[in-house]
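Trainee: I would like to learn how to read a few features of a protein model. Could we take them one by one?

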Amino acid sequence: MKIHRRGARAALLSLAVACAVAVAPACAQAPAQTAPAAPTAAKLYDSFTLDSKILGETRRINVYAPPGYATRGRDRHPVLYMPDGGLQEDFPHVADAVDRAIADGAIAPMFVVGIENTQRKRDMTGPTEVAEELKLAPTLGGSARFRAFIRDELIPQVERRLRTDARRGIVGESLAGLFVAETFLREPRLFDVYIAISPSLWWNRDALLTQAPALLRENLKALPRRTLRLYSADEDNIAPQTQRLADLLRAQAPAGLTWGYWPRPDLTHGTIYRAVEDESIRAAFAAPARAPRK
């Protein structure tokens, strides 16, 4: 795959997108704090389209490749997948965070694969019986099909195009964080690293949390060697649910699952993604420490 150097678009709409798709209470938080500055540096990225039989539509995929990747022929790298992965969504600032972490030596080189949205509420949510949620979009509850698209169409395509290694991660915030948490609970083998930032676990009256104890027991053997990082902000309809999931993991998580919950009441729903992406990516994909020279 040929990677071209282009300028990442700095004028991001991630805050507006996050609030536009959330149920009204999810955005009724404290006044927005000043978000970190948008990335301005030129990054290595390219895009391709994928005709999905599973979704019945064409999806645009954006790819960040680590510096020097195009000039080397044998190196293989992990992949960080992300919903909300459009150039006007969260892809540029996540790719920028990965690029900085690589430059600092905090993580080994890796790819970022962003999935641009078409019908976000459809793809990120499971079924719902809540009347207010049913009014949010014409089609909801498509998370299982979206996960099948990632598993059966996107990942094989990425692995054909790029020199990937066996390690995969996924990161998402708000409804995308819900999708990350749902994937961890329902199909933990799909990824090695899960980063769920302010996951909208309130969906369908906390249905995923209600199902979580049984799902954890069902997938007990698949959880070791996985990593899960949970974050929440000052959100009265997200932080309590995320704490409930953390309490459940504390009681049921098997040995070998690396997980943690970091509540950030100093942040808001609109500022948390960029505030914690650096630390979450660096911690989840930390480069192995080099042995001291003798």
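Mentor: We will go through a helix pair, a pocket and two single residues. Keep in mind that this is a predicted model.

Trainee: How do α8 and α9 lie relative to each other, roughly parallel or roughly antiparallel?

Mentor: Look at the angle between the two axes; an angle under 35 degrees counts as roughly parallel. Here the axes of helix α8, residues 203-218, and helix α9, residues 239-252, cross at roughly 10°. The two helices are therefore roughly parallel to each other. Their axes come within 11 Å.

Trainee: Which residues of α8 and α9 meet?

Mentor: On the α8 side they are Asp206, Leu209, Ala212, Pro213, Leu216 and Arg217. Their partners in α9 are Gln241, Arg244, Leu245, Leu248, Leu249 and Gln252. Sorted by kind, the residues of this contact are seven nonpolar, two polar and three charged.

Trainee: Next, the pocket. How is empty space found?

Mentor: A probe the size of a water molecule is rolled over the atoms, and this shows where empty space is left. In this model the largest pocket has a volume of about 180 Å³. It is lined by 15 residues, and those closest to its centre are Gly126, Pro127, Glu182, Arg186 and Gln211.

Trainee: Which elements give two or more residues to the lining of the largest pocket?

Mentor: They are α6 (143-161), α7 (175-186) and α8. Of these, α8 gives the most, with five residues. The lining as a whole divides into six nonpolar, six polar and three charged residues.

Trainee: α8 also holds alanine 214. Is alanine 214 buried, partly exposed or exposed?

Mentor: Compare its relative accessibility with two cut-offs: under 20% is buried, over 50% is exposed, and partly exposed is in between. Alanine 214 has 38%, so it counts as partly exposed. Its C-alpha atom is separated by 9.4 Å from that of leucine 185, and the two residues are 29 apart along the chain.

Trainee: And where does valine 113 lie?

Mentor: Valine 113 is in strand β5, residues 111-115. Its relative accessibility is 0%, so it counts as buried.

Trainee: What does valine 113 touch, leaving out residues up to four places away in sequence?

Mentor: Valine 113 touches Ile61, Asn62, Val63, Val79, Leu80, Tyr81, Met82, Leu154 and Val158. For a distance, take tyrosine 45: it is 68 residues from valine 113 along the chain, and their C-alpha atoms are separated by 9.5 Å.

Note on methods
Residues are numbered from 1 along each chain as its sequence is written. This is a predicted model: local features need pLDDT of at least 70, side-chain atom pairs count only at pLDDT 80 or more; totals for chains, interfaces and linings use all residues. Side-chain values use heavy atoms; hydrogens and water are left out. Axes are lines fitted to C-alpha atoms, for helices over the stretch in contact, and angles run from 0 to 180 degrees between N-to-C directions. Helices (H or I, at least four residues) and strands (E, at least two) are DSSP runs, numbered from the N terminus. Angles under 35 degrees count as roughly parallel, over 145 as roughly antiparallel, 65 to 115 as roughly perpendicular and the rest as oblique. Contact means heavy atoms within 4.5 Å. Ala, Val, Leu, Ile, Met, Phe, Trp, Tyr, Cys and Pro count as nonpolar, Asp, Glu, Lys and Arg as charged, and the others, Gly among them, as polar. Buried means under 20% relative accessible area, exposed over 50%, partly exposed in between (1.4 Å probe, protein chains only). On a 1 Å grid over the protein atoms alone, a cavity is a set of points where a 1.4 Å probe fits but cannot get out, and a pocket is an open set with protein on both sides within 12 Å along at least five of seven lines; lining residues have an atom within 4 Å of a point. Grid points are joined across faces, edges and corners, and a volume is the space filled by probe spheres set on the points.
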